[in-house]
Amino acid sequence: SASCVDGKKRCVCYYYDPGIAHIKLSDEHMMVPARVAMAHSLVAAYGMLDSMRRLRTRPATESEIRRFHSPEYVDLLRDLTPESYDHGVLGRLKDDDHGLGGCIECPPFDRLWNYCRGYAGGSLAAARALAGGESDVAINWSGGMHHACAAKASGFCYVNDIVLAINELLGAGAGAFRRVLYVDVDAHHGDGVQEAFADSDRVMTLSFHRYGKTPHGGKFFPGTGLVSEIGRGAGEHYTVNVPMDAGVHDDVYQSLFKPIVSKAMEVFDPEAVVLQCGADSLSGDRLGSMELSVRGHAECVSFLRGFNRPLLLLGGGGYTINHVASSWCYETAVAIGKERDLPDEIPKHGYDLFYMNQGNKLHYSVSEATVNSKLLKKAAETKQIVLEHLSQIK
Ligand code: V1S
Ligand code: CA
Ligand code: ZN
């Protein structure tokens, strides 16, 4: 177990599968699984592996994946390779291509099924360690694929490991949790997880994300996540959305995150928390256009960790890979309570050249916050609406 800043010890279980770390979706694809290998290598170089229980993961089984995903979709994913794609494997489908026909966002690639089983296996193992009481914080940086739906791939996500892991946390077995809070700090709306639990009052989904138009006139992906999306039936009020403008810095972000998360904790009183730590909300990301610093992003982790509930930390988006690795490495340090001990200079290790663009510093510099009164006003309004919405629970 690891002692930490607040003096409490936490047992941190860390899941890393080198077998899926060097997979490529395509030569040009934005999603680069090797960023997790970089984060891992940096965690090792900072000497943090001895402070955690490092556990082997086994790939998720087909039947575990079928607990959420539809039969036809799983058959397709399992059989999809670049070759079967070229030979028309999708042709056997009547009308729906299950998000796999476009080829660019969610391309077929070599070892796709291994990749899906690998990252889902990590999240499931992490959830089991929490449910079994063996761990206080469990980490799988390869997980966090929040857009995948029961029968559809979307936004670089094929299998929704988050839904599988939450279902494991809720499971019927001993040590299972009655209520799970899901928090999503990826720059994109966590639509797949929201939809999966939209009518449940045992799972509250809370996504912070960018919402609105892009400079090209299109909608920022996926175009959902308005405050008015609040859930259905028994799940009404258990879906929470916090849309934000591009350019939000640490202070504005935390002025929403902390009061909203505190309120959610108060009214929902979860027995476990899942935090999707998508790193595309960091400043300098190739897709996100938000402006969080590594410390600002990690503040979300330390804030939630402070509530002392079983905590599952997952990855997600993140497209400037050196930033992603810096962030998840620092958040690993937060989990074990050693963030104050990390020297800012990136240590010599196999990937150190990748950090040159950020001056070889873990805490790379972020543009000055420009005080934008319109952005501040909108954020304050969003906060009010969301807090009122949350106060209707209980
Ligand atoms: N923004 C963005 C973006 N960029 C791409 C993209 C670019 C080049 C490629 F070769 C492939 C894809 N796609 C998008 C987004 C999807 C973002 C997914 C984020 C995933 C996550 O971080 O939340 C979690 C891992 N898609 C779109 O914007 C949709 C389009 C509207 C534009 C791109 N084209 C290819 C399809 C339609
Ligand atoms: Ca989000
Ligand atoms: Zn994202």
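Trainee: Are Asp184 and Asp186 buried or exposed?

Mentor: Bear in mind that this is a predicted model. The cut-off for buried is under 20% relative accessible area. Asp186 comes out at 2%, so it falls under that limit. Asp184 shares the label, and the word for both residues is buried.

Trainee: OK, and which metal ion does Asp186 coordinate through OD?

Mentor: Look at the site where Asp186 (OD) is joined by His188 (ND1) and Asp280 (OD). Those donor residues are spaced D-x1-H-x91-D in sequence. The distances run from 1.9 to 2.0 Å, and the ion is zinc (ligand 3).

Trainee: Is His188 buried or exposed?

Mentor: His188 gives its ND1 to the zinc ion (ligand 3). Its relative accessibility is 6%, so with the cut-off in mind His188 is buried.

Trainee: What arrangement do the donor atoms around the calcium ion (ligand 2) have?

Mentor: Start with who's there: Asp184 gives both O and OD, Asp186, His188 and Phe208 each give O, and Ser207 gives OG. They lie 2.4 to 3.1 Å from the ion. For six donors to be octahedral, opposite ones must be over 155 degrees apart and all others between 65 and 115. Here the 6 donor atoms subtend angles of 69 to 166°, which makes the arrangement irregular.

Trainee: What spacing do those calcium donors follow along the chain?

Mentor: Asp184, Asp186 and His188 are among the donors, as are Ser207 and Phe208. Written as a pattern for the calcium ion (ligand 2), that's D-x1-D-x1-H-x18-S-F.

Trainee: Moving on to ligand 1, how much of its accessible area does the protein cover?

Mentor: Ligand 1 has 16 residues around it, with Glu105, His146, His147, Asp280 and Tyr319 coming nearest. An oxygen atom of ligand 1 is 2.7 Å from a side-chain N or O of His146, and the figure for His147 is also 2.7 Å. For Asp280 it's 3.0 Å. Of the 760 Å² that ligand 1 has on its own, the protein covers 69%.

Methods. Residues are numbered from 1 along each chain as its sequence is written. Chains are lettered from A and ligands numbered from 1 in the order in which they are written. This is a predicted model: local features need pLDDT of at least 70, side-chain atom pairs count only at pLDDT 80 or more; totals for chains, interfaces and linings use all residues. Side-chain values use heavy atoms; hydrogens and water are left out. Donors are N, O and S atoms within 2.8 Å of the metal (3.2 Å for Na, K and Ca); water is not among the atoms, so sites may look incomplete. Four donors count as tetrahedral if all angles lie between 85 and 135 degrees; four count as square planar and six as octahedral if opposite donors are over 155 degrees apart and all others between 65 and 115; anything else is irregular. Buried means under 20% relative accessible area, exposed over 50%, partly exposed in between (1.4 Å probe, protein chains only). A residue is near a molecule or strand if one of its heavy atoms lies within 4 Å of it. A polar contact is a pair of N or O atoms within 3.5 Å; within protein, one must be able to donate a hydrogen and the other to accept it, and residues adjacent in sequence count only if both atoms are side-chain atoms. Accessible areas come from the Shrake-Rupley method with a 1.4 Å probe; for residues, only the protein chains shown count as cover.
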